[in-house]
Amino acid sequence: MQEKENIIRLWFDMLLQQEDKRIDDIFTEDVVYIESWGPKYENRAAVKHWFKEWNTRGKVVVWDIKQYFHKGNQTLVEWHFKDEMNSGVIEQFDGITLIEWAENSKIRFLKEFGLQPVPKWQYTVIQR
């Protein structure tokens with residue numbers, strides 16, 4: 001479990017530092033990576049391209065891991081994320097990532113789920 005958590009932390013740190021340190025060591029060649037807002041990358045070359053391109057448009061400033069859950073070849077990661085885009089837009093939200101591991105301890109499937117805050121004017125708080 002510790003090895004898998006270290007790999008996940010490395011991936012998050014690479015995004016925070018905007019540096020590809022070991023994408024080839026983290027993901028299988030045929031990885032499927034689905035971002036929280038929909039885009040899907042269907043191999044490691046596509047993930048590398050996205051990583052490089054995304055870092056030209058913005059910067060991840062916070063990606064804190066809250067906790068991990070492990071079961072068999074799967075890991076679930078709960079996190080808090082914040083980025084600052086070059087356009088001035090700042091995004092911040094909580095989410096989870098579902099990971100499936102290959103036998104060689106590389107990620108073969110990764111799907112993010114982000115919880116976007118709902119503006120207060122769109123809901124009513126009920127107090128009891």
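**Fold and strand pairing of the predicted chain**

The chain contains three helices and six strands. The model is predicted. In sequence order, these elements follow the pattern α-α-β-β-α-β-β-β-β. Along the principal axes, the C-alpha atoms occupy a box of roughly 50 × 35 × 25 Å.

Several totals describe the chain as a whole. Of its 128 residues, 36% are buried. The accessible surface amounts to about 8,100 Å², and carbon and sulfur atoms account for 51% of this area. Among contacts between residues at least 6 apart in sequence, 45% link residues at least 24 apart. The chain carries 18 positive and 21 negative charges, and the mean positions of the two sets lie 3 Å apart.

Strand pairing was then examined, beginning with strand E4. Strand E4 spans residues 74-85 and runs antiparallel to E5, to which it is joined by eleven bridges. Within this pair, histidine 80 of E4 is placed opposite aspartate 94 in E5. The hairpin formed by E4 and E5 has four residues between the strands. Glycine 88 in this hairpin adopts a positive phi near 100°.

Strand E5, residues 90-101, also pairs with E6, again in an antiparallel arrangement, through eight bridges. Threonine 97 has glutamate 112 in E6 as its bridge partner. Five residues lie between the strands in the hairpin of E5 and E6, where serine 105 has a positive phi near 65°. Strand E5 is thus paired with E4 and with E6.

Strand E6, residues 107-115, is further joined to strand E1, residues 27-34, by four bridges. E1 and E6 run parallel, whereas E5 and E6 run antiparallel. Phenylalanine 27 stands opposite isoleucine 107 in E6. Taken together, the pairings connect E4 to E5, E5 to E6 and E6 to E1. In a regular strand, side chains alternate between the two faces of the sheet.

Technical notes. Residues are numbered from 1 along each chain as its sequence is written. This is a predicted model: local features need pLDDT of at least 70, side-chain atom pairs count only at pLDDT 80 or more; totals for chains, interfaces and linings use all residues. Side-chain values use heavy atoms; hydrogens and water are left out. Helices (H or I, at least four residues) and strands (E, at least two) are DSSP runs, numbered from the N terminus. Buried means under 20% relative accessible area, exposed over 50%, partly exposed in between (1.4 Å probe, protein chains only). Contact means heavy atoms within 4.5 Å. Accessible areas come from the Shrake-Rupley method with a 1.4 Å probe; for residues, only the protein chains shown count as cover. Lys and Arg count as positive and Asp and Glu as negative; His and the chain ends are not counted. The place of a charge is taken as NZ of Lys, CZ of Arg, CG of Asp or CD of Glu. Two strands pair if DSSP finds at least two bridges between them.
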